[in-house]
Amino acid sequence: MRFIGNKENLLDRIYFALSQRNIYGKTFFDFFSGTASAAKFFKKQGYRVFSADILYLSYCLQRAYIVNNTEPKFEKLLSAIKFEKQSLFTSALDAVLEFLNNIKPIEGFIYKNYSVGGTIHLSQPRMYLSDDNAKKIDAIRIQIEDWKNNNLITEDEYFILIACLIESVSFFSNVAGVYAAFQKKWDPRALKPFVIKPIELVFNNEQNEAFNVNSMDLIQDIDVDILYLDPPYNERQYAPNYHLIETIAKYDNPVIRGVTGMRDYSNQKSVFCNKDTALQELDKIALIAKYRYLLLSYNTEGIMPQKNIDAILRKYGELEFVEFEYLRFKSNNNGESKTKKHIREQLYVLKT
C-alpha cells in the first residue's frame, strides 16, 4: 500500500545503521505501525514484535503480517464450499482468492458512495473506483465477513483476507497517492478489472502482538530492547488521507460527508501533526516508555525542528544522529519545485 512516510525502502539502511553501532535485541515495538513495514522487517530478523496504530486498517495489516505465524489452511472453508480450478500446486490462500476474484459483484456501500454510478446524483460524482471495481470490492468484503460470521474461517484467516483486499485496492484506486481526494480524470490503472492479490506472509517463532489503540495507552505496559518511532511528520492527519481504506477494512457503513465522502475521524487524530504537541509527546515517550534503545525515524521536512528533537532526547541518554537521502513520497510534491525530488532521512538513536 502506498502510505505517507512509509519507510519500507529505507529499512535496510536503518538496520545497517543499528548494526554499525552494535545495536541488537530480542524485542521490538513499532509504535506508529502504519503499513507494518518496520514491524514486518524486524519480525524477519527474529525479533519478538509489538505493533500498534490507531487506524483499524493498520491493525488488519498487523494481524496478518505480524501476529499470524502459520500458513492459512482454510480447512473449514475448503470443505464447505466447492472451489473450482484448484491444483496440487495451488496454496489454500490462492484457491480462496481465486474464488473471490470470480465472485458475483454487489452494489454495496463502496459502490453506492465511491463510484460514479453510485454517486451520479451528486454535483461531483466520486471517482475513487470504477463502477465494476467498486461492486467487486463490495462483494469480496461482504463474502469475507459472511465467512467469518459463519465460523468458516479462523480469526487469522479473516485478517489475512482483509489484508489482501486492502493492499490490493491501492492498485486500482483513482487517486494520486492518498485518499483525501480523487482524481477528476481516470488513471488507466483504475480502469483495469479489480483483482485481489495475495500478501507476503512472514513467520517466526515468537509470540508477536498487535494493538488497535493509541500507542500511548501501552507505553508503560511494554518493555522492549528497541522502541521504534516513525510518527507523522507534517500537519496532515493520516485518518482522512486513508478514509476509504479504513471504511473498506471496517465495512461499518459510516456516516460520510463532503465531496470526498469522508468518515468521521475525530477520535483518530495524532498530536504529532502539531509542532508543539508533537515535541511534548516525544518528551513524554522518551521519559516514560520502557526501552534500551529509542529509534526515531524522521526527515528534514518534519514539523519538529532538529534542534528541539536533539535537546529533548539528549536528556535521557546517549544520542547519535544519522542522516541519508531518499526519494520524496510522490503525493507530497503538491506544486513544489519539480527539481526537489529528494529529502533527507533523519535517524535519532538514543541509548539509555
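**Exercise 1. Determine which residue follows helix α10, and describe its backbone and its surroundings.**

Solution. In this predicted model, helix α10 is followed by Tyr251, and the phi of Tyr251 is positive, near 45 degrees. The next step is to recall what one would expect: most residues other than glycine have a negative phi. Tyr251 is not a glycine, and yet its phi is positive. As for its place, Tyr251 is found in the loop between α10 and β5 (256-257). Finally, the relative accessibility of Tyr251 is 18%, and because buried means under 20% relative accessible area, Tyr251 counts as buried.

**Exercise 2. Decide whether helix α10 (residues 243-250) is enclosed or not, and name what its buried residues pack against.**

Solution. Begin with the count: seven of the eight residues of α10 are buried, so the helix is largely enclosed by the rest of the structure. The buried residues are His243, Leu244, Ile245, Glu246, Thr247, Ile248 and Ala249. These buried residues pack against the helices α3 (56-67), α6 (109-114), α7, α8 and α9 (238-241), and also against the strand β6 (262-263).

**Exercise 3. Find where Phe74 lies, and state the sign of its phi and whether it is buried or exposed.**

Solution. Phe74 has its place in the loop between α3 and α4 (75-80). Its phi is near 50 degrees, which is a positive value in a residue other than glycine. With a relative accessibility of 0%, Phe74 counts as buried.

**Exercise 4. Work out how the buried and exposed residues of helix α1 (residues 11-20) are arranged around its axis.**

Solution. First list the buried residues of α1, which are Leu11, Ile14, Tyr15, Ala17 and Leu18. Looking down the axis of α1, one finds these buried residues within an arc of 155 degrees, so they line one face of the helix. Then turn to the other side of α1, where Asp12, Phe16 and Gln20 are exposed. To finish, go past the end of the helix: α1 is followed by Asn22, whose phi is positive, near 55 degrees.

**Exercise 5. Describe how helix α7 (residues 131-149) packs against helix α8 (residues 155-169), and then how it packs against helix α5 (residues 92-101).**

Solution. Two packed helices are described by the angle between their axes and the distance between the axes. For α7 and α8, the angle is about 170 degrees and the axes are 10 Å apart. Since angles over 145 degrees count as roughly antiparallel, α7 is roughly antiparallel to α8. On the side of α7 the contact is made by Ile137, Ile140, Arg141, Ile144, Glu145, Trp147 and Lys148, while α8 contributes Tyr158, Leu161, Ile162, Leu165 and Val169. Sorted by character, the residues of this contact are nine nonpolar, no polar and three charged.

For α5 and α7, the angle is about 130 degrees, with the axes 10 Å apart. That makes α5 oblique to α7. Here Val96, Phe99, Leu100 and Asn101 of α5 meet Lys136, Ile140, Gln143, Ile144 and Trp147 of α7. The residues of the contact of α5 with α7 are six nonpolar, two polar and one charged.

**Exercise 6. Trace the pairing of strands β2 (residues 48-52), β1 (residues 27-30), β4 (residues 223-229) and β7 (residues 290-299).**

Solution. Start with β1 and β2, which pair in the parallel sense over four bridges; in this pairing, the bridge partner of Asp30 is Ser51 in β2. Next, three bridges join β1 to β4, and these two strands run parallel, with Phe29 standing opposite Leu227 in β4. From β4 one passes to β7, for these strands pair in the parallel sense over six bridges, and Ile226 has Tyr293 in β7 as its bridge partner. As for accessibility, four of the five residues of β2 are buried, and six of the seven residues of β4 are buried.

**Exercise 7. Describe the surroundings of Leu227 in strand β4.**

Solution. Leu227 is buried, with a relative accessible area of 1%. Leaving aside residues up to four places away in sequence, Leu227 touches Phe29, Phe31, Ile285, Ala289, Tyr291, Tyr293, Leu294 and Leu295. Take Leu295 from this list: Leu227 and Leu295 are 68 residues apart in sequence, but their C-alpha atoms are 6.0 Å apart in space.

Terms used. Residues numbered from 1 in each chain as written. Predicted model: local features only at pLDDT ≥ 70, side-chain atom pairs only at ≥ 80, totals over all residues. Heavy atoms only, no water. Buried < 20%, exposed > 50% of the residue type's maximum accessible area, 1.4 Å probe, protein only. Arc of directions from axis to C-beta. Axes fitted to C-alpha atoms, helices over the stretch in contact; angles between N-to-C directions. Parallel < 35°, antiparallel > 145°, perpendicular 65-115°, else oblique. Contact = heavy atoms within 4.5 Å. Nonpolar A, V, L, I, M, F, W, Y, C, P; charged D, E, K, R; others polar. Pairing = 2+ DSSP bridges.
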